Amino acid sequence: MSNTSEYEVIYTNNPSNQQDTRLQDSDYTIAIIPKLVNIPYFNAVEEGAMEAAKDFGVEVIYTGPPVADSEQQIKIIKDLMENKEVDVDVIAVSANDPESLIPILIEAQRKNIHVISWDADTLPEGREFFINMVEPETLGRHLMDTLAWNVEEQGEYAIMTGASSASNLNEWIKWIKIQQEEYYPNMKLVKIAATDDDPNKAYLIAKQLIKDYPNLQGIIGNSSVGPPAAAQAVKEAGESGDIAVVGLSPPNPMNNHLKSGAAQVITLWSPKKLGYLTVALSENIIEGSYPYDGQDIPGVGKIRMIDDMVIMGEPIDFNKENVDQYDF
């Protein structure tokens, strides 16, 4: 692969030498491209993908940009397509932008490479189906509920999102706002701030929100870097328990924040299971089998289908009472 030093590229089924570019005993190669690498959420996805690679006997290339940037994703996909040493059967992408990836994904399909999206969708013409973690309306409304329950259903709140162009995040924001307008009229959204899934930027944004909005009652982080950054900023400002922090995050980065009261509840699904499911469904489509409603995926469970969208399952809430029961 050209310019591999720019990205983290991991090849599986041969843990003793991860730099080998091809495995002789692997029939299929699946390239999984996250929004970015080296944050806990996508590290957990990678772990599940690698576990599935061993179970299904396929090669998985897990590679993404160091920051949430669609242009870098495009370059990675182009490099995969042009690499003479790797014959990729499936490209599975979590899109930083639903539109800008379309030309390169269509080009990949013309080269007889299957293309699917997971975590964050592209426009439909760019892929064969989308693997979603939970039903977007259910999740967005639930996130709003978790905040409202912790602020007595009143006051100002802010949303810390990831990339402003990410389709999944924007869909969740839509339903957060709808739920608030329908059920919590005494609450007011004062700011939606994009962190670009950068932990340091998220921390600085959280500090600024606390400074700019002295009557702030709560923060919803709807991407995984948001809640840890918000909780840290709230703790440092001496506002633990006065400014509620909820949102989407793996439990491990939030364990101490939940126990200290700097955050109240976080919500997620199993990102490890999402990685596993992505590999399982990728292997299936190479074999000519497409997902269907009620399909039982070993290691995952029964999935749902809404048109061309796979729904993996339901959201899970983590709080100070149950957070120690989970490890990811």
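Reader: Which unit do S7, helix H5 and S8 make?
Author: This is a predicted model: local features need pLDDT of at least 70, side-chain atom pairs count only at pLDDT 80 or more, and totals for chains, interfaces and linings use all residues. Residues are numbered from 1 along each chain as its sequence is written, and side-chain values use heavy atoms, leaving out hydrogens and water. Helices (H or I, at least four residues) and strands (E, at least two) are DSSP runs, numbered from the N terminus. S7, H5 (residues 167-183) and S8 make a right-handed β-α-β unit (clockwise from first strand over helix to second, strands pointing away from the viewer).

Reader: In what sense do S7 and S8 pair?
Author: S7 covers residues 155-161 and S8 covers residues 187-194. Seven bridges join them (pairing takes at least two DSSP bridges). Ile159 stands opposite Ile192 in S8, and Glu156 has Lys188 as its bridge partner. The sense of the S7 and S8 pairing is parallel.

Reader: Which strands are the edges of the six-stranded sheet?
Author: The sheet is open, with mixed pairing, in the order S8-S7-S9-S10-S11-S16. An edge strand here pairs on one side only. The edges are S8 and S16 (316-318).

Reader: What angle does the direction of H7 make with that of S10?
Author: H7 packs on the sheet, touching S7, S9, S10 (244-248) and S11 (265-268) (contact means heavy atoms within 4.5 Å). Angles run from 0 to 180 degrees between N-to-C directions, with axes fitted to C-alpha atoms, for helices over the stretch in contact. With S10, H7 makes about 165°.

Reader: Is H6 oblique or roughly parallel to H7?
Author: The axes of H6 (residues 199-212) and H7 (residues 226-236) come within 8 Å and cross at roughly 45°. Under 35 degrees counts as roughly parallel, over 145 as roughly antiparallel, 65 to 115 as roughly perpendicular, and the rest as oblique. The crossing angle therefore makes H6, relative to H7, oblique.

Reader: How many residues in the contact of H6 with H7 are charged?
Author: H6 brings residues including Tyr203, Lys207 and Ile210, and H7 brings, among them, Gln232, Val234 and Glu236. Ala, Val, Leu, Ile, Met, Phe, Trp, Tyr, Cys and Pro count as nonpolar, Asp, Glu, Lys and Arg as charged, and the others, Gly among them, as polar. The contact of H6 with H7 has nine nonpolar residues and one polar; the charged ones number two.

Reader: How does H2 lie relative to H3?
Author: H2 (residues 70-82) and H3 (residues 102-110) pack with axes 10 Å apart. Their angle is about 15°. That is why H2, relative to H3, is roughly parallel.
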